[in-house]
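Biologist: Please take a close look at one part of this model, the side-chain contacts around it included. Which charges and rings meet there, and how open are they to solvent?

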Amino acid sequence: MLRISVFCIALAAFPQPRQVAITIDDLPRGGDLPQGRELADIRAMTVKLLAPLRGVPMIGFVNAGRIDSLSQADLQTILKIWLDHGATLGNHTWSHPDLNTVPLAEYEADLLRGEPPIAQALGHRPVYFRHPFLHAGKDAATRRGLEEFLAAHDYRVAPVTLDNSDWMFAAVYAPALGADPPLAARARQAYLAYMESIFAFFEARSKEVVGREFPQTLLIHASQLNSDAMPGLLAMMRRRGYQFVSLETALRDEAYRQPDEYYGTGGFSWIHRWSKTKGMAPKGEPDEPAWIQEAYKKR
């Protein structure tokens, strides 16, 4: 009995480390620049993004047809860099359509069109699918239809718990690198502080919705901002006690079996979906700084 008590005290004194799966959307590059979308630019951004992540489990979600200037041979060159750094790849559709505005049949065709280039890189079909915009069905019929389609094609949905607006910071940051370096530096610093506030919010909200913290799934995008900020992001996560795990490992946690009955036009964290299913009062994550919102609108 004494031995058990001592063991329990030790567990309390040394809590289990937090865990997070890093998932990166919009490969080969997200919408942070109208230019900078040639092979050399994308290669440079990719190499810098992935260098600090070597040895960290991660998955990249591919839009194989989103960048017109990139040939499919060039895409394979970029995807090989991801694989050489230890990443796996998932399907994010061919062209990033919005399920809220595109008919389900057209959306499903776009999804299937995106599969062969990813399978070519992997040597097998991708396992995971990530909804563009996190839109999973504006009504019950659309949600159910897509779920049945994904199951029929042996896809697993890749949920997101640590949702955020990194894309907004990225759209401000990348053009400012050349035009206004002080603005770029300010945006990068604000982004790191904002991301730490996102982690703090969802850590607390996890306890409210699920009753405990559990392995989180982080969504960020393949952008110049994350390429430049990755060392700082990883340092922040480690400072908060996180270990890095694969998406597959994170999804083994029972938290991801929470009931999810949400359908609608919103695209947000699965923690919010679970809270809505439970009828909990809504609570949103921190907003971006007002000046970032204004700079984004003026792009």
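Modeller: First, the burial scale: a residue is buried under 20% relative accessible area, exposed over 50%, and partly exposed in between. The model is predicted. The part I take is helix α8, residues 181–209, with the loop that follows.

Start with a pair inside the helix. Arg205 and Glu208 form a salt bridge, 2.7 Å from N to O. Both residues lie in α8, 3 residues apart, about one turn of the helix. Why does that spacing suit a contact? An α-helix has 3.6 residues a turn, so residues three or four places apart point the same way. The two partners are not equally accessible on the scale above. Glu208 has a relative accessible area of 39%, so Glu208 counts as partly exposed. Arg205 has 4%, so Arg205 counts as buried.

Next, the bridges that leave the helix. Glu203 pairs with Arg18, the closest N and O atoms being 3.3 Å apart. Glu203 sits in α8 and Arg18 in strand β1, residues 18–27, so this bridge ties together parts 185 residues apart in sequence. Glu203 is buried at 3%. Arg18 is partly exposed at 26%.

Glu196 makes a salt bridge with Arg240, with 3.0 Å between the closest N and O atoms. Glu196 belongs to α8, and Arg240 to the loop between α9 (224–239) and β7 (242–244), so the two joined parts are 44 residues apart in sequence. Both ends are partly exposed: Glu196 has 22% relative accessible area, and Arg240 has 21%.

These bridges also join up. Arg18, Glu196, Glu203, Lys207, Glu213, Arg239 and Arg240 are linked in a network of salt bridges. For scale, a search of the whole structure finds 21 salt bridges.

Now the rings. The whole structure holds 11 aromatic pairs. One of them joins Phe214 and Tyr256, with ring centres 5.5 Å apart and planes at 90°, so the pair is edge-to-face. Phe214 lies in the loop between α8 and β6 (216–221), and Tyr256 in the loop between α10 (247–251) and α11 (270–277), so the contact ties together parts 42 residues apart in sequence. Phe214 and Tyr256 are both buried.

Phe214 has another ring partner, Trp274. This pair is tilted, with 5.8 Å centre to centre and 55° between the planes. Trp274 lies in helix α11, 60 residues from Phe214, and the pair links distant parts of the chain. Trp274 is buried, as is Phe214.

Charges meet rings as well. Arg186 lies over the face of Trp291, 3.8 Å from the ring centre. Elsewhere, the charged end of Arg273 sits over the ring of Trp270, 4.8 Å from its centre.

To close on α8: its salt-bridge partners include Arg18 of β1 and Arg240 of the loop between α9 and β7. In the loop after α8, Phe214 pairs with the rings of Tyr256 and Trp274.

Key
Residues are numbered from 1 along each chain as its sequence is written. This is a predicted model: local features need pLDDT of at least 70, side-chain atom pairs count only at pLDDT 80 or more; totals for chains, interfaces and linings use all residues. Side-chain values use heavy atoms; hydrogens and water are left out. Rings of Phe, Tyr and Trp (its six-membered ring) pair if their centres lie within 6.5 Å; planes under 30 degrees apart count as stacked, over 60 as edge-to-face and the rest as tilted. Helices (H or I, at least four residues) and strands (E, at least two) are DSSP runs, numbered from the N terminus. Buried means under 20% relative accessible area, exposed over 50%, partly exposed in between (1.4 Å probe, protein chains only). A charge sits over a ring if NZ of Lys or CZ of Arg is within 6 Å of the ring centre and within 35 degrees of the ring normal. A salt bridge is a side-chain nitrogen of Lys or Arg within 4 Å of a carboxyl oxygen of Asp or Glu.
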